[in-house]
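Let's practise reading helices from a structure. Grab a pencil and work through each task before you peek at the solution.

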Amino acid sequence: MRHCRSARALTALVESAVALAAAVSSGCASGPRAEDGGISTTSSVSVTGTAPAKLGPDCKFGKPVVTGCGGAEVELRSTLAECGLPAEGDLTTEQCNVLCETFPTRGCRVYTRPGAKEKVYCDASNPCLGRLASRGRHPRVSARRAPLHLARAARMEADSVDAFRELASDLAAFGAPVALVRACRRSAQQEARHARSMARLAVRFGGSPPPPRAARAKGFRSLESLALHNEREGVVGEMMGALVAAYQSERASDPKVRGAMKAVAREELEHAALSIRIGAWARAALGPRGARKLDRERARAFNRMLATGPAGPSDCQSELGWPDRAAARALLAAVEPVIL
Ligand SMILES: [Fe+2]
Ligand SMILES: [Fe+2]
């Protein structure tokens, strides 16, 4: 995709991804998870210390490192057997509390990649419908119920307004083409519409719109940090957001959700495409070494998203048309050839 694709081709690809994902969906929730409200984050276990009895006594592990789209990774320094962990499936609440430590999570599981050490992925409560600004942080409480989930989505869309304003301003400062700067400003306006739309849905499902919050965008330190962030939050995060929204626009049983997500999907896809254009410009500006770094970041973010998926609500899944884990994986896998 970084070598330019027409918007029509991209839209067609997303449509076929949605059809493919619908075919693999099991039609049920995405499996057992930690209880609603998130997992307690009161653990004070040493980051590299020996784990308590909930894990194997010889289990060593690192500190949670926050990743794109809301989760965190914990590197295992012992084998799965030493840690007493399964290679697949959700870990217990006790295990997540210890491994994810202070990171606010609603569940966790082992994440394996060929040729790499196993990690534990700590799910956040991020519905993947927004783009963080440079110093943005995901909320510290989980939102599993539909009203809270939608209010969370509204908050993230509102945060995306700040993210695109910051991006426009920093791209201009780093000498990016005017077309990219203008597109970011236009995207900020679209994100403001998404925020209003999600807030209306939150109210429709019995929730409240999120209160206003001060902007957290303070600017990127360098073009490289902007570009790395763009790979995670833009290319992969916004693409996942577009795919999920497109899926919801087809599968939600609530007509208001279908209508709202249709508009969101189209514009999120524009944001993903814009992120790819920004990535292409940044690669040229940073040179071959910088470009390779961005390639690695994109692949890491993509594979992580493929392994974990976006966080969805635990109820009202059919009303919202939220993809289960199999469908989310199929959605993303379908666009792999144009992302990587
Ligand atoms: Fe959005
Ligand atoms: Fe967006």
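Below are three exercises on helices and one residue.

This is a predicted model, where local features need pLDDT of at least 70 and side-chain atom pairs count only at pLDDT 80 or more, while totals for chains, interfaces and linings use all residues. Residues are numbered from 1 along each chain as its sequence is written, and chains are lettered from A and ligands numbered from 1 in the order in which they are written.

**Exercise 1.** Work out how far helix 6 reaches and where it bends.

*Solution.* Start with the length: helix 6 (residues 223-251) has 29 residues. Helices here are DSSP runs (H or I, at least four residues), numbered from the N terminus. The expected span is 1.5 Å times one less than the number of residues, giving 42 Å for helix 6. From first C-alpha to last, helix 6 reaches 39 Å, close to that value. Next, the bend: helix 6 turns by about 40° at N230 (the angle between axes fitted to the seven residues ending there and the seven starting there).

**Exercise 2.** Is R300 buried, exposed or partly exposed?

*Solution.* Find R300 in helix 7 (residues 255-308). Now count: R300 has 17 C-beta neighbours inside 10 Å, so it's partly exposed. The cut-offs are 20 or more other C-beta atoms within 10 Å for buried, 12 or fewer for exposed, and partly exposed in between, with C-beta atoms placed from the backbone.

**Exercise 3.** Which kinds of residues make up the contact of helix 4 with helix 5?

*Solution.* Helix 4 (residues 146-173) and helix 5 (residues 178-204) pack with their axes 8 Å apart. Their contact holds 22 nonpolar residues (Ala, Val, Leu, Ile, Met, Phe, Trp, Tyr, Cys and Pro), four charged (Asp, Glu, Lys and Arg) and three polar (the others, Gly among them).

Terms used:
Helices (H or I, at least four residues) and strands (E, at least two) are DSSP runs, numbered from the N terminus. Axes are lines fitted to C-alpha atoms, for helices over the stretch in contact, and angles run from 0 to 180 degrees between N-to-C directions.
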